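Me: I'm new to this structure and would love a close look at a single part of it. Could you pick the largest pocket and walk me through what surrounds it?

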Amino acid sequence: MGTYLITGATGGIGLATAELLREHGHDLVLSGRSPERLAAIASRFSASPYGQTQGWTLPRAGGAPANEHVRTVPLDLSEPRRIEAALAVADLPPALDGIIHSAGTSELGRVAEQEAEEWIDQLMVNLVAAAELTRLLLPSLRAGSGHVVFVNSGSGLRANPGWASYAASKHGLKALADALRQEEPGIRVTSVYPGRTATEMQRKVRAQEGEPYDPSDYIAPSTVARAIFGALETPVDAVITDVSVRPRS
């Protein structure tokens, strides 16, 4: 079984991916802003039926059991310069089988309306933090011949009116993934481009658009999680570089 670090693990696609990986017995490092929400999710994952294939623990030096199948690392991705200090005290494993970059933020607005702070906030969370976290964890990824999954967006492939700042951050994320794939041939890199998905971020988007939010109108987070899981489970002789997940209607 592998060990995967997931950002945005307290909700949406990140949480759905964490649930699926844990159901298959993988160890998790869950990251999000709220230590309390992370602790609650980790506690839920430690109970049955999660991880039934890993019902044993390795002893620590000194004989105390190590119950570390699910660890938590609170991170504020809006401040990428602080990620290194947070990881330094996080007691992460020396090798990682993968990172799933699922955290994200959006703020709609036309170019004539959005000020610098709105651009900066989205670029920090959606792009710079992903680059910095990947950079810091590259030694662990190299040690584990790992896999980096960037949860992108349809906005990473095209830009529509009112979406310039968000689309710019997601286009940058695609560039990051494409460059990383060529720079690090020992790890696999996948970009996933979901359409509109039933998450709290989508609820916020609909409010900004002045429209009602009905989760049944959108892709379920668990559906995107299955696409991510499929990419992770691809045999090692291949890599799925790009996955678009679109609603049927």
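Reply: Happy to. Let's begin with helix H6 (200–209), which gives the largest pocket five residues of its lining, the largest share. Please keep in mind that this is a predicted model.

The pocket itself holds about 1200 Å³ of space. Its lining counts 46 residues, and those nearest the centre are Ser 102, Gly 104, Thr 105, Thr 199 and Met 201. By character, the lining residues split into 22 polar, 15 nonpolar and nine charged. Besides H6, at least two residues each come from H1, S2, helix H4 (116–143) and helix H5 (164–183).

Now look just ahead of H6, at the loop that joins it to strand S6 (188–194), where you will find Thr 197. Is Thr 197 buried or exposed? Its relative accessibility is 5%, and because the cut-off for buried is under 20%, Thr 197 counts as buried. Leaving out residues up to four places away in sequence, Thr 197 touches Ile 13, Gln 202, Tyr 218, Ile 219, Ala 220, Pro 221 and Val 224. By contrast, Asp 237 is 40 residues from Thr 197 along the chain, and their C-alpha atoms are 31 Å apart.

One of those partners, Ile 13, leads us to helix H1 (12–23), another contributor to the pocket lining. H1 has twelve residues and spans 17 Å from first C-alpha to last, close to the 16 Å expected. Nine of its twelve residues are buried, so H1 is largely enclosed by the rest of the structure. Ile 13 is among these buried residues, along with Gly 14, Leu 15, Ala 16, Thr 17, Ala 18, Leu 20, Leu 21 and Arg 22. Just after the helix, Gly 25 has a positive phi of about 85°.

H1 also takes part in the largest nonpolar core, as do strand S2 (27–32) and helix H7 (221–232), among other elements. In soluble globular proteins, nonpolar side chains tend to be buried together. This core has 29 residues, and Leu 21, Leu 30, Phe 45, Ile 100 and Ile 228 have the most contacts inside it. Apart from it lies another core, with 27 residues, including Val 29, Ile 83, Leu 96 and Leu 138.

To finish, try Leu 30 in the viewer. Beyond its neighbours within four places in sequence, Leu 30 is in contact with several residues, including Ala 18, Leu 38, Ile 41, Phe 45 and Val 70. Ala 18 brings you back to the buried residues of H1, a helix that helps line the pocket where we started.

Notes: Residues numbered from 1 in each chain as written. Predicted model: local features only at pLDDT ≥ 70, side-chain atom pairs only at ≥ 80, totals over all residues. Heavy atoms only, no water. Core = buried A, V, L, I, M, F, W, Y, C linked by side-chain atoms within 4.5 Å. Buried < 20%, exposed > 50% of the residue type's maximum accessible area, 1.4 Å probe, protein only. Helix = DSSP H or I, 4+ residues; strand = E, 2+ residues; numbered from the N terminus. Contact = heavy atoms within 4.5 Å. 1 Å grid on protein atoms, 1.4 Å probe; cavity = no way out; pocket = protein on both sides within 12 Å on 5 of 7 lines; lining within 4 Å. Points joined across faces, edges and corners; volume = space filled by probe spheres on them. Nonpolar A, V, L, I, M, F, W, Y, C, P; charged D, E, K, R; others polar. Expected span 1.5 Å × (residues − 1).
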